[in-house]
Amino acid sequence: MTRWLVPVLVLVGAAMMTALGHLSFNAALFVPLLALGGGLLLLVTLVLAVLPARRSVNFVTLAYLLGGVALASAGMVRGMSWRFDRVEEEFAPLIAALDAYHAEKGQYPEAVAELIPAHLSKAPSCELESEPAVRQGLSDGGYYRKGPDDYGITCYTIVFWKYSYNPVKKYWYGWD
């Protein structure tokens, strides 16, 4: 039983970190801790490998733990990448509506409410946890107008990390 306990716990921990990455932008704060833990495990493994008493060391358990740290880190990074993809999907209809509005009126709207219902069915939100039906009222989400021919979209993601859309170059980028 104890022979399978470590691999099972490692896989459960890696799965939990992956799920946490999908559920919260702030989960990325755990990645440095995972990297530190993996580095310490690797250091312990290397030290134990050169010691004369290495026959009494269970390298399989250390390998499982190191593999679990690697899996958890990869899962966390993939989960965070999925969150950024979700922000892009959430705001894609708004970007299309803004382009249509600009083509029609020659300028961008002051607020997202001006796009509803003619160009957009609902206002997007940076808060991906809320269901669209639960959102209260109309919100501009991360949209702001810089001038008649320029706008921006910015969502706070990981603590103070921002994820913004550049309408001139038509791409999303992260910054702090």
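This is a guided tour of one protein chain, stop by stop, with a suggestion at each stop of what to select in the viewer.

**The whole chain**

Before selecting anything, keep in mind that the model on the screen is predicted. Colour the chain by secondary structure, and you should find 3 helices and 4 strands, which follow one another from the N terminus in the order α-α-α-β-β-β-β. The chain has 176 residues, and buried residues make up 34% of them. Among the contacts between residues at least 6 apart in sequence, 55% join residues at least 24 apart.

**The sheet**

Select the four strands next, and hide the rest for a moment. They form an open sheet with the order E1-E2-E3-E4 and with antiparallel pairing. In general, the strands of a sheet pair through backbone hydrogen bonds, and this pairing may be parallel or antiparallel. Which strands lie at the edges? The edge strands are E1, residues 143-147, and E4, residues 171-175, each of which pairs on one side only. As you look across the sheet, the twist from one strand to the next averages 30°.

Now bring back helix H3, which packs on the sheet and touches E1, E2, E3 and E4, while its direction makes about 160° with that of E2.

**The hairpin of E3 and E4**

Zoom in on strands E3 and E4, which run antiparallel and are joined by 5 bridges. Asn-166 stands opposite Tyr-171 in E4, and Lys-162 stands opposite Trp-175 in E4. This hairpin has 4 residues between its strands. Select Lys-170, which lies in the loop between E3 and E4, and look at its backbone: Lys-170 has a positive phi of about 60° although it is not a glycine.

**Lys-162**

Stay with this pair of strands and select Lys-162, which is found in strand E3. Is Lys-162 buried or exposed? Its relative accessible area is 13%, and because buried means under 20%, Lys-162 counts as buried. Show the side chains around it, leaving aside the neighbours within four places in sequence, and you will find Lys-162 in contact with several residues, including Thr-154, Tyr-156, Tyr-173, Trp-175 and Asp-176. With Trp-175 there is a further detail to look for, since Lys-162 lies over the face of that residue, at 4.5 Å from the ring centre.

**The aromatic rings**

Select the aromatic side chains next; a search of the whole structure finds 7 aromatic pairs. One of these is formed by Tyr-143 and Tyr-151, whose ring centres are 5.8 Å apart and whose planes stand at 40°, so the pair is tilted. Both Tyr-143 and Tyr-151 are buried. Another pair to display is that of Tyr-165 and Trp-172, where the ring centres are 5.3 Å apart and the planes are at 55°, so this pair is tilted as well. Tyr-165 is buried, with a relative accessible area of 8%, and Trp-172 also counts as buried, at 15% relative accessibility. Keep these two rings on the screen and add Phe-84, Phe-91 and Tyr-163, because the five residues together form one aromatic cluster.

**The nonpolar cores**

In soluble globular proteins, nonpolar side chains tend to be buried together. To look at this kind of grouping here, select the residues with the most contacts inside the largest nonpolar core, namely Phe-91, Leu-94, Tyr-143, Tyr-151, Ile-153 and Trp-172; the core as a whole has 21 residues. Helix H3, residues 59-105, strand E2, residues 150-156, and strand E3, residues 162-166, each supply at least two residues of this core. Which element gives the largest share? The answer is H3, from which 8 residues come.

Centre the view on Phe-91 and leave aside its neighbours within four places in sequence; Phe-91 is then in contact with Pro-124, Ser-125, Cys-126, Gly-142, Ile-153, Cys-155 and Trp-172. Apart from the largest core lies another, of 8 residues, and among them are Leu-41, Leu-62, Val-69 and Ala-72.

**A last stop in the loop**

For the final stop, follow the chain into the loop between H3 and E1, where Pro-117 is found. Select Ile-116 together with Pro-117 and look at the backbone between the two residues: they are joined by a cis peptide bond, with omega at about -5°.

How values were computed: Residues are numbered from 1 along each chain as its sequence is written. This is a predicted model: local features need pLDDT of at least 70, side-chain atom pairs count only at pLDDT 80 or more; totals for chains, interfaces and linings use all residues. Side-chain values use heavy atoms; hydrogens and water are left out. Rings of Phe, Tyr and Trp (its six-membered ring) pair if their centres lie within 6.5 Å; planes under 30 degrees apart count as stacked, over 60 as edge-to-face and the rest as tilted. Buried means under 20% relative accessible area, exposed over 50%, partly exposed in between (1.4 Å probe, protein chains only). A charge sits over a ring if NZ of Lys or CZ of Arg is within 6 Å of the ring centre and within 35 degrees of the ring normal. A nonpolar core is a set of buried Ala, Val, Leu, Ile, Met, Phe, Trp, Tyr and Cys residues joined through side-chain atoms within 4.5 Å. Contact means heavy atoms within 4.5 Å. Two strands pair if DSSP finds at least two bridges between them. Axes are lines fitted to C-alpha atoms, for helices over the stretch in contact, and angles run from 0 to 180 degrees between N-to-C directions.
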